[in-house]
Every structure is written in C-alpha cells, then in structure tokens.
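Reader: Could you take a close look at one part of this model for me? I'd like to hear about the metal site, donor by donor, and whatever else fits alongside.

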Amino acid sequence: MAKTNKWWLERSYKTKKSLTDEIRKIINQIDDDYFITDEEDLELLTWVLSHHHDYLSKIDGSTNFKIKVRRSLANSGNKELLIIRDDGTEVDISWTKALNPQGSSTHKEDLRNAAVQAINYQVLQFKDKNTDTICCLCKMQIEEKIEACHYEPRLDELLTQFFGDKDEMEKIEIKDGSYASRYFDPELSERWTTFHANHATLKPAHKKCIRQRKR
Ligand SMILES: [Zn+2]
C-alpha cells in the first residue's frame, strides 16, 4: 500500500539523490553533539523530517524544537539527528526513513496532522479549563500534566465523519507551512474547527494511555 510519493519535487529537487546529497552536506558540516543553527538548513531538515511517519509523536507538540547531530551509536561512520523538544526531552529521528516510501507520511497522516493543528486552540482551552485529574482511559489519577483525549468519538472517527472515506480524504489539498506545519485552506479549516467544537468530547488522559490507544 506504500505508494511512492515524490514529495521532494515540491521544492524542485529533481531526484531523491539530489536532496540526500544536500542533507549529507549539511549534517557533515556539523560537529558531533552540536545543533543545526543555520536557519535555512534547519528549515530544510524540518521539512524532510516532517515526512517521517512518526513525526508527530517525535516532536510531541513542540513548536520550537532544535535539531542536534550525534555520532551513530550503531555505526560510528554515520551521523544521526536528534530532536530536542521544547521541554528539553530528546528523541532520535531517522532522516533516511523520512525519505523512504514506507517512512514517509501518508496523505491520511498529513490530513490528521493538519486537522490536529487546526484545533490546537480548542485543545489549549480545554486544558486551561479542565479540573478533572482522572485519566479517562485507565481511570487512574494523573500526576503529571494532562493530555486531551478524544474520548468518544475518537479523533479518527471524527475525521471520517467530517472528511469522508479514504478516497474523499485523498482529494483534500494539504499545504506545507513553516516548521513542517500542515494546513487546509482557511474555509475548510473554519468548517472543520466548528465541526470539531460541536462533536468532539475531550477528556483528560495520560500521555502514555493516549499513545497506547488504538486510533
Ligand atoms: Zn491513563
């Protein structure tokens, strides 16, 4: 089912290799354990990484993460990238995987990403107002910061109700913003946020419980 989506054509890289060469050049200029500081390089790498299938959980809501270069632990001839999230936690992310057909995000994942970004304000408002500290999924006390869970219906159910089935979703245009944000056209975004406000039931949950839940 993995289709080869030549997303690098968006930025006029004619081949995957021309983009790969440029990434290697950027990474090889940086010493081990140093950050990517050049803004254009950072923007380019962020764009590439945003196609990683697990990008959203890697950045974990960070809007201002940093990228660090590290010597590969598995193969000392290679350098790897680490994402340093806004809260200081770090996670490795494979840029080569982001370039694989299997590693790249699907249209559905891009749509989900855009849909989540569009409702960000509602999620923040929910977190602000919420006083309940029992996780809706495991029913245990939440000691750390709460996360907003789409209890019933699940987020993917809401997406299907609003956007339609897979074929309908394929027709929706998703645009690339800076820092790998994804967005719809404003009119669609407006309709989706209204739909979400009327149909979603947000409840507090543990971050790990949301991650473990089936989508
Ligand atoms: Zn829980």
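Author: Let's start with C209, which has 10% relative accessibility and so counts as buried, since the cut-off for that is under 20%. In this predicted model, C209 sits in helix α10 (residues 207-212). Its SG is one of the protein donors of the zinc ion, along with C135 (SG), C138 (SG) and H206 (ND1), and these lie 2.1 to 2.4 Å from the metal. C138 is 71 residues away from C209, in the loop between α6 (120-129) and β4 (147-150), and the pair ties distant parts of the chain together. C138 comes out at 32% relative accessibility, so it counts as partly exposed. Written as a pattern, the donor residues run C-x2-C-x67-H-x2-C.

On geometry, the site of the zinc ion is tetrahedral, with angles of 99 to 119° among its four donor atoms. As a yardstick, the ideal angle for four tetrahedral donors is 109.5 degrees.

If you also want a spot to look at for open space, try the second largest pocket, which holds about 360 Å³. Its lining counts 17 residues, with N78, K79, E80, W95 and T96 lying nearest the centre. Sorted by type, that lining has four nonpolar, seven polar and six charged residues. As for where they come from, α1 (16-29), β2 (79-84), β3 (90-93) and α4 (95-98) each give at least two residues to the lining.

Technical notes. Residues numbered from 1 in each chain as written. Predicted model: local features only at pLDDT ≥ 70, side-chain atom pairs only at ≥ 80, totals over all residues. Heavy atoms only, no water. Donors = N, O, S within 2.8 Å, 3.2 Å for Na, K, Ca; no water. Tetrahedral: all angles 85-135°; square planar, octahedral: opposite > 155°, others 65-115°. Helix = DSSP H or I, 4+ residues; strand = E, 2+ residues; numbered from the N terminus. Buried < 20%, exposed > 50% of the residue type's maximum accessible area, 1.4 Å probe, protein only. 1 Å grid on protein atoms, 1.4 Å probe; cavity = no way out; pocket = protein on both sides within 12 Å on 5 of 7 lines; lining within 4 Å. Points joined across faces, edges and corners; volume = space filled by probe spheres on them. Nonpolar A, V, L, I, M, F, W, Y, C, P; charged D, E, K, R; others polar.
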